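This report examines selected local features of a single predicted model. The account begins with one loop residue, then turns to strand pairing and to a surface patch.

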Amino acid sequence: MELLAPAGDKDKLIMAINYGADAVYLASTRFGLRSFAGNFDLDGLKWAVEYAHAHNVKVHVTVNIIPHESDLSDLPSYIEYLSKIHVDAIICADLGVISIAKRVAPNLPIHVSTQANITNSESALIYIGLGVKRLILAREMTIDEIAELRSKIPNDIELEAFVHGAMCISYSGRCLLSNFFTGRDANRGACVQACRWNYAIREINKEQEYPIEEDAHGTYILNSKDLCMIDHLDKLEKAGVNSIKIEGRMKTEYYVANVVNAYRLALDYLKTHKEYNLPDFIRNEIYKSSHRDYSFGFYFGDPKESLDSSLPVSEYEFIAVVLEDSIDGKTKVEMRNRFASNTDLELLSRLKNNEIVHIDSIEDEEGNVLSECKIPKQQVYIYTSTPLKKYEILRRKK
């Protein structure tokens with residue numbers, strides 16, 4: 001199966017590619033559903049495609065807003081541009097956008113977004129008749145339903161399914177909370193993620209509020225648990241899924257690197273073992289970046305337990321990213337959280353598993369010795385006995 005990773009901006013794209021993604025999905029500053037991610041301007045899109053293709057990675061661009069009439073005037077030229085710079089596919093949710101794409105860029109592959117809510121073979125065949133190449137399935141489908149749908153559509157049509165990350169509380173991403181509360185249209189890219197807010201019950205004739213307590217931080221009754229299917233990739237493959245997608249264009253570059261690395265290791269394990277019994281060292285990686293409680297979503301039928309969750313937890317801190325390969329024990333890094341000399345940090349790497357790196361000493365770019373690095377994004381040199389490679393990450397358990 002293809003490993004499809006989020007690329008909310010340049011740094012996240014680089015991390016996704018260097019930690020094992022087969023393909024990335026991203027957006028420009030318009031026509032995507034994550035307006036508050038960094039995203040890419042037109043020149044940035046061209047650079048992203050060139051960088052990804054140089055690393056044999058595909059680029060899927062989201063054009064998945066539900067457009068109003070005023071959004072349509074610039075769409076044809078934008079889609080033509082995407083075709084011109086050789087993106088590998090566009091992701092669409094709206095029939096009008098699909099129609100425009102087929103008209104102005106007939107050779108550009110189209111993937112139907114999860115927002116199209118495909119849950120059955122009849123709707124799937126309608127989209128296939130329009131010439132789409134991939135169906136991104138509704139998140140409410142079970143594995144058995146996916147297998148049944150696969151048996152009723154042509155073999156050359158690809159199926160894509162989400163496997164990890166935040167789940168929108170609405171039906172396959174179509175939400176009105178943001179529109180009602182703030183006037184920002186979630187279906188045109190401006191969602192404020194109102195489902196993540198803290199809520200309480202208030203009797204209409206009284207001033208007193210009644211919080212629904214879950215933990216010390218209050219309650220988040222509209223906030224779902226995160227999806228995690230890393231232990232069940234074999235079942236998705238058997239059901240006929242061609243591509244597994246990680247959510248997270250608005251997450252940190254560390255999150256992208258860590259989760260993509262874990263699923264890359266899991267897929268490689270799946271390829272080389274008859275029995276898919278995932279080793280603990282792979283499974284444990286998904287707990288080392290910020291997450292809410294994990295669940296299987298709807299893949300095994302109606303959830304047997306509540307899907308609502310509280311604040312995310314993070315057991316590890318992103319300390320620094322390696323900017324250049326080590327030379328004679330000296331490595332240039334960019335700091336994310338403060339760290340000191342004579343400290344042990346854990347290494348996130350495609351080449352090594354959780355190696356401990358001892359920081360012997362730290363220097364700034366002028367050669368001054370530092371006892372501690374505490375300026376955000378400061379670039380410094382560290383001295384270690386462990387050779388480090390560009391884009392590796394140093395982290396620390398809290």
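Thr-386 has a relative accessibility of 9% and therefore counts as buried, since the buried class covers values under 20% relative accessible area. The residue is placed in the loop that lies between strand S21 (379-383) and strand S22 (393-397). When residues up to four places away in sequence are left aside, Thr-386 is in contact with Ser-326, Glu-355, Ile-356 and Val-357.

A second buried region of the predicted model is strand S11 (residues 243-246). Ser-243 and Lys-245 point to one side of this strand, while Ile-244 and Ile-246 point the other way. Each of these four residues, Lys-245 included, is buried.

Strand S11 pairs in the parallel sense with strand S1 (residues 2-6) and also with strand S7 (residues 158-165). The table sets out these two pairings, with a bridge partner of Lys-245 in each.

| Strand paired with S11 | Sense | Bridges | Partner of Lys-245 |
|---|---|---|---|
| S1 (residues 2-6) | parallel | three bridges | Leu-4 |
| S7 (residues 158-165) | parallel | four bridges | Phe-162 |

Lys-245 is thus a bridge partner of Leu-4 and of Phe-162.

The surface provides a further feature. Leu-95, Ile-126 and Leu-130 make up a nonpolar patch of about 280 Å². Of these residues, Leu-95 is located in helix H4, which spans residues 95-104.

Methods: Residues are numbered from 1 along each chain as its sequence is written. This is a predicted model: local features need pLDDT of at least 70, side-chain atom pairs count only at pLDDT 80 or more; totals for chains, interfaces and linings use all residues. Side-chain values use heavy atoms; hydrogens and water are left out. Patches are made of residues with over 30% relative accessible area and no salt bridge: like charges are joined within 9 Å, nonpolar side chains (Val, Leu, Ile, Met, Phe, Trp, Tyr) within 5 Å. Accessible areas come from the Shrake-Rupley method with a 1.4 Å probe; for residues, only the protein chains shown count as cover. A salt bridge is a side-chain nitrogen of Lys or Arg within 4 Å of a carboxyl oxygen of Asp or Glu. Helices (H or I, at least four residues) and strands (E, at least two) are DSSP runs, numbered from the N terminus. Buried means under 20% relative accessible area, exposed over 50%, partly exposed in between (1.4 Å probe, protein chains only). Two strands pair if DSSP finds at least two bridges between them. Contact means heavy atoms within 4.5 Å.
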